[in-house]
Amino acid sequence: MFIEAIQKLIQGSGFAALTCQSVVMIVLSLVLIYFAIVKKFEPLLLLPIAFGMLLINLPIPAGEIGLMDGPANGQAGGLLYYLYQGVKLGIYPSLIFLGIGTMTDFGPLIARPSSLFLGAGAQFGIVIAFIVAVALGFTPQEAASIGIIGGADGPTAIYLTSKLAPDLLPSIAIAAYSYMALIPLIQPPIMRALTTKKEREIKMTQLREVSKLEKVCFPIMVTILCILLLPSVAPLIGMLMLGNLFKESGVTERLSSTAQNALINIVTIFLGVTVGATATAQQFLSPATLKIIFLGLMAFCFSTIGGLLLGKLMCFLSGGKINPLIGSAGVSAVPMAARVAQVEGQKANPGNYLLMHAMGPNVAGVIGSAVAAGILLSLFR
Amino acid sequence: MTVSEAALVGVFCMSLVFGILAVLYFLIRIFTAGIRKFESRRAEKNRS
């Protein structure tokens with residue numbers, strides 16, 4: 001009787017449903033939790049992603065509603081199923097862009113609009129990764145989603161992948177955020193390899209002051225132009241520029257404060273946990289994940305190369321007035337990529353202050369990657 | 001999709017990204033020049 005009761009208890013618990021694959025995924029999620037907490041690799045997103053992964057891979061006995069299960073037989077679905085609709089419908093990435101907009105200063109870009117070309121050049125990795133992904137047997141939709149990792153923009157990568165290749169969402173999100181955290185390790189060797197010491201030493205002249213009127217007009221102008229040219233980019237660019245207008249108008253302080261604090265934090269929690277919860281063993285433990293990790297790294301490297309080469313070209317055309325290092329900041333990842341350019345510039349010349357100059361290409365990269373995502377979405381949806 | 005088709009799509013995408021950002025570049029130049037002119041005129045008027 002007692003043994004039967006114990007057996008029944010064990011069969012009714014998750015232990016009975018544990019498989020080798022789910023154990024591997026649980027261990028992997030614990031490793032990611034370690035990286036987030038101890039190594040501080042993008043902890044704001046990696047921690048909820050890793051915890052979502054842990055939650056979804058803890059097996060649930062037959063008959064119970066799983067966290068990601070939809071409604072069935074008159075029973076409501078799991079909690080994460082409902083939260084995941086925000087990812088599926090592209091709501092969370094757009095809301096994160098709203099928050100990013102309120103935190104972004106487009107002043108350096110307005111002062112030197114040629115930074116836009118650096119932001120465009122740094123999307124080079126998207127194209128290279130796309131081509132290689134097609135060569136490796138991915139469908140065009142999957143290849144486009146993998147390529148966008150090169151844009152170094154987490155919300156954009158999640159937005160595009162949720163529309164084109166939702167099955168690859170966990171691998172792409174984790175690869176994108178991991179590489180963004182590794183930018184200080186990935187970029188400097190490429191920067192040093194592609195530039196001479198003389199180029200890295202270039203001191204740039206101070207940027208002009210940008211008036212409030214220019215800053216207020218900028219988001220309106222970008223919204224009108226980008227959405228007229230590329231309607232598919234409306235959710236991302238529209239929200240980014242709305243957030244920026246909140247900030248620059250100076251009349252919506254409460255909205256700006258909410259968007260850049262409470263709202264972005266809440267959405268980050270929902271986004272992270274639900275993206276992590278899509279990482280089931282069947283989807284994640286596949287050769288495709290390894291390929292995505294490799295292609296993501298390649299996309300990041302080539303985006304850095306593209307930005308640097310454009311930077312070198314602009315340095316040449318400007319008669320040596322532009323430090324090519326700022327080109328590497330064209331890979332969105334605000335403001336980490338700009339900080340890396342600053343650090344490398346200062347290593348070559350301690351009196352070099354490139355941060356503000358690099359912020360121009362950095363925010364141009366955000367626009368550039370959103371535009372690239374819009375183009376890919378229009379082509380492959 | 002073949003690799004050569006993917007390469008074509010890639011070139012097309014990059015051209016579009018550059019094209020859209022180039023249009024944005026010229027618009028910013030024109031708008032900011034206009035705004036700065038407007039602001040300097042207004043400042044002049046206020047001074048006089």
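For a chain of 381 residues, a compact globule would have a radius of gyration near 21 Å, and chain A, with 22 Å, agrees with that expectation. This is a predicted model, and the values that follow are computed from it. Taken along the principal axes, the C-alpha atoms of chain A fill a box of roughly 90 × 45 × 40 Å. The secondary structure of chain A consists of 20 helices and 0 strands, and 55% of its 381 residues count as buried. Among the contacts in chain A that link residues at least 6 apart in sequence, 75% join residues at least 24 apart.

The interior can be approached through its nonpolar core. In the largest such core, which has 138 residues, I149(A) and V371(A) touch the most other members. Helix α20 of chain A, spanning residues 355-380, gives the most to this core, with 13 residues. Setting aside residues up to four places away in sequence, V371(A) touches C226(A), L230(A) and V233(A) in its own chain, together with V17(B), I20(B) and L21(B) of chain B.

A second site to follow is A122(A), which lies in the loop between α7 (115-121) and α8 (124-135) of chain A. Is this loop residue buried or exposed? A122(A) counts as buried because it has 37 C-beta neighbours inside 10 Å, where 20 or more are required. Its contacts, again leaving out residues up to four places away in sequence, are S303(A), G306(A), G307(A), G327(A), G330(A), V331(A), G365(A) and G368(A). The C-alpha atoms of A122(A) and G311(A) are separated by 9.8 Å, although the two residues stand 189 residues apart along the chain.

Key. Residues are numbered from 1 along each chain as its sequence is written. Chains are lettered from A and ligands numbered from 1 in the order in which they are written. This is a predicted model: local features need pLDDT of at least 70, side-chain atom pairs count only at pLDDT 80 or more; totals for chains, interfaces and linings use all residues. Helices (H or I, at least four residues) and strands (E, at least two) are DSSP runs, numbered from the N terminus. A residue is buried if 20 or more other C-beta atoms lie within 10 Å of its own, exposed if 12 or fewer, and partly exposed in between; C-beta atoms are placed from the backbone. Two residues are in contact if their C-beta atoms, placed from the backbone, lie within 7 Å. The radius of gyration is taken over C-alpha atoms; the globule rule is 2.2 Å times the number of residues to the power 0.38. A nonpolar core is a set of buried Ala, Val, Leu, Ile, Met, Phe, Trp, Tyr and Cys residues joined through C-beta atoms within 7 Å.
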